[in-house]
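I opened my notebook to look through this structure piece by piece. Here is what I looked up, in the order I went.

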Amino acid sequence: MRVYVPLTLTGLAKAHAEGAVAPPLRAYAVTPALREWYLSDDIEELEYAALVRAAQASLRMLAEEPEASRRRVVVAADVPDAAITLNVQAEHEEPHTLGAVRLDEPLRLAKAAAVHADADDAEVLEDVAAAALALAAADAGDEDARFTVDGAEDHELLWFATQEIPGLLP
């Protein structure tokens with residue numbers, strides 16, 4: 001199963017130094033509930049939806065880590081189905097958990113398929129920083145804050161090979 005693990009650059013640096021991200025990890029994948037919600041059978045579209053969910057989780061991590069570089073990071077990897085725990089009930093009851101799974105084994109960066117990250121571009125960094133600051137207000141229903149958060153989502157994450165991780169690190 002392809003999973004998308006949200007991180008920050010700080011978390012990616014730690015994983016790079018240690019060779020893996022320790023479990024348990026929240027990840028995102030094409031779950032039955034995500035399939036039902038997205039209403040598509042195209043696996044590429046479904047995987048993109050899971051990637052977007054992971055990018056949103058990475059933004060939440062940035063909101064909790066004010067010292068981290070303002071770039072969303074997602075590691076994509078193929079893992080055995082047995083390494084994944086679904087929470088079907090939560091996915092149907094809590095919209096923010098849609099596509100969320102728990103990865104119960106270490107995610108070895110050497111086995112990762114790719115890393116997705118925001119561009120190191122002033123406009124992107126500014127939009128992501130503003131979105132991280134606005135997240136709590138957006139969650140509380142502030143429409144202007146929601147617009148700011150959505151502005152970060154307008155920026156596509158770039159694809160990087162795992163060999164390029166050192167170049168991403170601060």
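Which residues are exposed on the other side of α1? I found K14, A17 and E18 there. I kept in mind that this is a predicted model.

**Entry 1: the helix α1**

Next I turned to the covered side. The buried residues of α1 are L9, L12 and A15. Looking down the axis of α1, I saw these buried residues fall within an arc of 120°, so they line one face of the helix. A general rule helped me here: an α-helix has 3.6 residues a turn, so residues three or four places apart point the same way.

I then asked what covers the buried residues of α1. The cover includes β1, β2, β4, β8 and α7. I also noted that α1 lies across β1, β4 and β8, and that it runs at about 45° to β4. After α1 comes G19, and its phi is positive, near 85°.

**Entry 2: the sheet**

In what order do the seven strands of the open sheet stand? I wrote down β5-β6-β3-β1-β4-β8-β9, with antiparallel pairing. β5 (84-86) and β9 (158-160) are at the edges with a single partner strand each, so one side of each has no neighbour in the sheet. On average, neighbouring strands are turned by 35° against each other, direction ignored.

I looked at β1 in more detail. Five of its six residues are buried, so I count β1 as mostly covered. With β4 it pairs in the antiparallel sense over six bridges, and L7 stands opposite V73 in β4. With β3, β1 shares two bridges, and the two run antiparallel. Here Y4 stands opposite Y28 in β3.

At the β9 edge, I found three bridges joining β8 to β9, again antiparallel. V115 stands opposite F160 in β9.

I checked one more helix against the strands. Helix α3, residues 43-64, lies across β1, β3, β4 and β8, and it runs at about 20° to β1.

**Entry 3: the nonpolar cores**

Which members of the largest nonpolar core touch the most other members? They are V3, V5, L12, V75, L103, L107 and V115, out of 26 residues in this core. I then listed the elements that each supply at least two residues of this core: β1, α1, β3, β4, β6, β8 and α7. A second, separate core has 15 residues, and L51, A54, A55 and V74 are among them.

V115 caught my eye, and I looked up its contacts. Leaving aside neighbours within four places in sequence, V115 is in contact with L12, V73, V74, V75, L158, W159, F160, I165 and L168. L12 is also one of the buried residues of α1.

**Entry 4: two local details**

How many aromatic pairs does the structure hold? I found one. W37 and Y38 form it, with 6.0 Å centre to centre and 50° between the planes, and the pair is tilted. Is Y38 buried or partly exposed? Its relative accessibility is 31%, and buried means under 20% while exposed means over 50%, so Y38 counts as partly exposed.

My last stop was a peptide bond. P23 and P24 are joined by a cis peptide bond, with omega about -5°. P24 has its place in the loop between β2 and β3.

Note on methods. Residues numbered from 1 in each chain as written. Predicted model: local features only at pLDDT ≥ 70, side-chain atom pairs only at ≥ 80, totals over all residues. Heavy atoms only, no water. Core = buried A, V, L, I, M, F, W, Y, C linked by side-chain atoms within 4.5 Å. Buried < 20%, exposed > 50% of the residue type's maximum accessible area, 1.4 Å probe, protein only. Helix = DSSP H or I, 4+ residues; strand = E, 2+ residues; numbered from the N terminus. Contact = heavy atoms within 4.5 Å. Arc of directions from axis to C-beta. Phe/Tyr/Trp six-rings, centres within 6.5 Å; stacked < 30°, edge-to-face > 60°. Pairing = 2+ DSSP bridges. Axes fitted to C-alpha atoms, helices over the stretch in contact; angles between N-to-C directions.
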